[in-house]
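Hi everyone, thanks for coming. I'd like to walk you through a structure that is new to most of you, so let's put it on the screen.

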Amino acid sequence: MNVDLTAEALILASTKMLAATEPNRFFILPIGLFLVLTAWLAFYAYIQARRRAFIRTFAWPPGLINQLRREHPALSRNNIDQIDRGLRQFFLAYLNGGYRPVSMPSVAADELWHHFILYTREYDAFCRQAFGQFLHHRPAAVLTTSETRTNEGLRRVWWHACKLEGINPQAAAALPLLFALDRDVKFPGGHVYHPDCDALRRHGVHGGQCGGDFTSTSFDGTTDGLGDGSGDGGGDGGGGCGGD
């Protein structure tokens, strides 16, 4: 079914119905408004599905991946593929999060993102097609007990990255690709995450970032950013490393 044409047809039909039933407008108006709303929701869902497909299948500019290979010759082909998929997962998290502020948790994916932005025309065209607006770049970030607005963006990406892989973001037994990426490819200066650090801490092991801290108010006093995109746990405040 061509969803966008169906949406236009519903809008047109509801408009004609309202015009043809002027004497009964107080009865018909709620039905017409419902049809218009339904049509626009269908159209929005169609556009979002198109954007997700575009992000997943987008062909990077020629030379972009080779540039990453030259700068990091120790990376295997599989490592490069993981970084590729990690950056796409970040873009999908931004899209699925309703364009709220997001933070990049991976140094490896952040470096590929940074190189992509240097292809200015291609990156601008990608953003317009993928999001309908420009996604600004900011450096990779980690959880911190003081910069809660940064944590909001990280929590939002954690939530949507987990959802994309069928992981429960509030009780993760494994890391989504984007948060496991730096550790898995052994990227220099990368951020190391663990699904849940409680067991590690009980054995006196410290270090790295913890998925469990995203859902705990005891970490920084908030769970801002943790939500499903339509009923987010936090506000839409600007800032935060990553992009907005």
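One term before we start: a residue is called buried when its relative accessible area is under 20%, and exposed when that value is over 50%. Please also keep in mind that this is a predicted model.

With that cut-off, try a first case: is cysteine 162 buried or exposed? Its relative accessibility is 0%, so cysteine 162 counts as buried. Cysteine 127 is buried too, with a relative accessible area of 0%. And how many disulfides does the structure hold? The number is zero.

Now to the interior. The largest nonpolar core has 53 residues, and Phe90, Phe91 and Phe131 have the most contacts inside it. Which helices feed this core with at least two residues each? They are α3, α4, α5, α6, α7 and α8. Of these, α4 gives the most, with nine residues.

Let's zoom in on phenylalanine 91. Setting aside neighbours within four places in sequence, this residue is in contact with Ile55, Trp60, Trp113, Phe116, Phe126, Phe131 and Leu135.

Next, have a look at helix α3, which runs over residues 64-71. Leu64, Ile65, Gln67 and Leu68 are its buried residues. They cover an arc of only 155 degrees around the axis, and therefore sit on the same side of α3. Here is the general background: an α-helix has 3.6 residues a turn, so residues three or four places apart point the same way. And what do the buried residues of α3 pack against? Their partners are α4, residues 77-96, and α5, residues 107-118.

Helix α4 also packs with α7, at an angle of about 110 degrees and with the axes 9 Å apart. Angles of 65 to 115 degrees count as roughly perpendicular, so that is how α4 and α7 lie to each other. On the α4 side, the contact is made by Gln89, Phe90, Leu92, Ala93 and Asn96. From α7 come Val157, His160, Ala161 and Leu164.

Last stop, the loops. Tyrosine 99 is in the loop between α4 and α5, and has a positive phi of about 65 degrees although it is not a glycine. Lysine 186, in the loop between α8 and β1, is another non-glycine residue with a positive phi, near 55 degrees. Lysine 186 is exposed, because its relative accessible area is 71%.

That's my tour, and I'm happy to go back to any part of it.

Note on methods: Residues numbered from 1 in each chain as written. Predicted model: local features only at pLDDT ≥ 70, side-chain atom pairs only at ≥ 80, totals over all residues. Heavy atoms only, no water. Buried < 20%, exposed > 50% of the residue type's maximum accessible area, 1.4 Å probe, protein only. Helix = DSSP H or I, 4+ residues; strand = E, 2+ residues; numbered from the N terminus. Arc of directions from axis to C-beta. Contact = heavy atoms within 4.5 Å. Core = buried A, V, L, I, M, F, W, Y, C linked by side-chain atoms within 4.5 Å. Disulfide = S-S within 2.5 Å. Axes fitted to C-alpha atoms, helices over the stretch in contact; angles between N-to-C directions. Parallel < 35°, antiparallel > 145°, perpendicular 65-115°, else oblique.
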